[in-house]
Amino acid sequence: AQPASHRDQSRKTLITGGPKLGLRAKLLDEENQSFEKFYHNGIAERAGDDPLGPTDESGRYLTDIRLTHEEIKELYRDPNVRGSKAYANLIQTALTSGRVGKVEALHSELSAAQHVRHWMPEFTPGDQDGVSIEVLSPLVERDSTGKGRLRWFGPKTDGVGRDIGKTKNGHSVIIRVAYRGFSLLLGGDLNRPAEAFLLRSYSGVDPDKPLADAVPAASKRFRSDVLKSCHHGGADVTDEFLEAVNPSAFVVSSGDDENYVHPRPDLLGRLGRFGRGKAPLILCTELLRSTRESEDRRLLTKLRRLSSKIEDPGTLEKERAEYRKARGEVENQLAKRNVEVYGAINLRTDGRRLAVAFRMERNRGKDRWHIYWFRHDEARGFIAELDDAG
């Protein structure tokens, strides 16, 4: 993932850290794709009774996180450690494919979080002609010996406990991309406990104080013009985090044929409430869907061929049952509704103006794209211009 002006077939970066692994696996299987760096969040999932590794005596910290290429390689070379874990085997593929340079954790440090900023290598301010990428999460904490660790997250905001899902998602790699006056925050799969932890860590506000007290100081690190919403539009988000980011536009990437009801209707209302200005944009890939260009001709041909075999008097009954099953699968593919063809949101900026565009379901004259324009204001950040399309 590189800014457009810095793309190069020989220099690419792949960031992972959440449960959606299908796309990353396909990228690693492409023989023509290579990556200089593969970043993860340091949690080395494994087979066995402790899927996230050992915990310290207090029960609050994961102690076997793997930050360097050598550390993760040493752990995953044992197939018994990987077992059938999809994430572990994805990392192993990256380690052994021969098309990935380094596999290492991308993280920040809690001990210095309020004073020192942490940047993605080669993207500190001044490295890339105005482009910088700050790493805000995961926050690694050091024990008395200096060894890195990550804390467990429980099921409740500001609570304690050991919830595997909350902990894996809560330590998502969170980066803030800045270009001149523009900023974009990629929210990963953050949840309420993780957001509370981050807001308090970056503000110095203790858990015995209201989380709202952390917003003014934390917003200095999190405030961004665009937020890629956390966890595909799930509702497990704090109002305080949304207030700290206060973007002019939200992008919700959802629509993977799932049963989590993403984006949540109540979440969309909260986004509008805590966005910047009177009418912040909420752009969702499911809502801004596209229609199919045409039916797949190969599927139609296959359907006719299967129907012919089913109706053929010479077909054996056992074969006919198999053909009926295959035909049903083809019919299901053809019956997919247009709502399952998800839209794409296109963001482009020169650091002073921002264009947010999506394709319309039907052309309006010669126009295929609907575009919203924003301009940079020194005091308020990016603010919306009038929508000429009405």
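Select Tyr 179 first: the residue opposite it in β10 is Phe 182. Strands here are DSSP runs of E with at least two residues, helices are runs of H or I with at least four residues, and both are numbered from the N terminus. Two strands are said to pair if DSSP finds at least two bridges between them. The model is a predicted one, in which local features need pLDDT of at least 70 and side-chain atom pairs count only at pLDDT 80 or more, while totals for chains, interfaces and linings use all residues. Residues are numbered from 1 along each chain as its sequence is written, and side-chain values use heavy atoms, with hydrogens and water left out.

**Stop 1: β9 and its partners**

Extend the selection to β9, residues 174-179, and to β10, residues 182-186; these strands run antiparallel and are joined by 5 bridges. Ala 178 stands opposite Ser 183 of β10. Between β9 and β10 lie 2 residues, and the two strands form a hairpin. Display the backbone of Arg 180 in this turn, where phi is positive at about 55°.

How many of the residues of β9 are buried? The count is 5 of 6, so that the strand is mostly covered, where buried means under 20% relative accessible area, exposed over 50%, and partly exposed in between, with a 1.4 Å probe and protein chains only.

Next, add β6, residues 131-137, which pairs with β9 in the antiparallel sense over 6 bridges. Within this pair, Ile 133 faces Val 177 of β9. Then select β11, residues 226-228: β10 and β11 pair in the parallel sense over 3 bridges. Leu 184 has Val 226 of β11 as its bridge partner.

**Stop 2: the sheet β3-β8-β7-β5**

Turn to an open sheet of 4 strands in the order β3-β8-β7-β5, whose pairing is mixed. Its edge strands, each pairing on one side only, are β3 (61-62) and β5 (108-109). Select β5 with β7, residues 139-142, to view a parallel pairing over 2 bridges. Glu 109 is placed opposite Val 140 of β7.

Add helix α6, residues 192-203, which lies across β5, β7 and β8 (148-151) and runs at about 65° to β7. Axes are lines fitted to C-alpha atoms, for helices over the stretch in contact, and angles run from 0 to 180 degrees between N-to-C directions.

**Stop 3: helices α2 and α4**

Select α2, residues 69-76, and α4, residues 86-96; the helices pack at an angle of about 115°, with their axes 10 Å apart. Their crossing is left-handed, a term used if the near helix is turned anticlockwise from the far one by less than a right angle, right-handed being the term if clockwise. On the α2 side, His 69, Ile 72, Lys 73 and Tyr 76 make the contact, and on the α4 side Tyr 87, Ala 88, Ile 91, Gln 92 and Leu 95. Contact means heavy atoms within 4.5 Å. This contact of α2 with α4 comprises 6 nonpolar, 2 polar and 1 charged residues; Ala, Val, Leu, Ile, Met, Phe, Trp, Tyr, Cys and Pro count as nonpolar, Asp, Glu, Lys and Arg as charged, and the others, Gly among them, as polar.

Which residues of α4 are buried? They are Tyr 87, Ala 88, Leu 90, Ile 91, Gln 92, Ala 94 and Leu 95. Just after α4, select Gly 98, which has a positive phi of about 80°.

**Stop 4: helices α10 and α11**

Move to α10, residues 297-311, and α11, residues 317-334, whose axes come within 9 Å and cross at roughly 155°. The two helices are therefore roughly antiparallel to each other, as angles over 145 degrees count as roughly antiparallel, under 35 as roughly parallel, 65 to 115 as roughly perpendicular and the rest as oblique. The crossing of α10 past α11 is left-handed. Residues in contact include Leu 299, Leu 303 and Leu 306 from α10, and Tyr 323, Ala 326 and Val 330 from α11. By class, this contact of α10 with α11 has 9 nonpolar, 2 polar and 6 charged residues.

**Stop 5: the sheet β14-β15-β16-β17**

Finish at the open sheet of 4 strands ordered β14-β15-β16-β17, with antiparallel pairing. Select its edge strands, β14 (345-349) and β17 (381-384), each of which pairs on one side only. On average, neighbouring strands of this sheet are turned by 30° against each other, direction ignored. β14 pairs with β15, residues 353-364, in the antiparallel sense over 5 bridges. Here Asn 346 has Ala 357 of β15 as its bridge partner.
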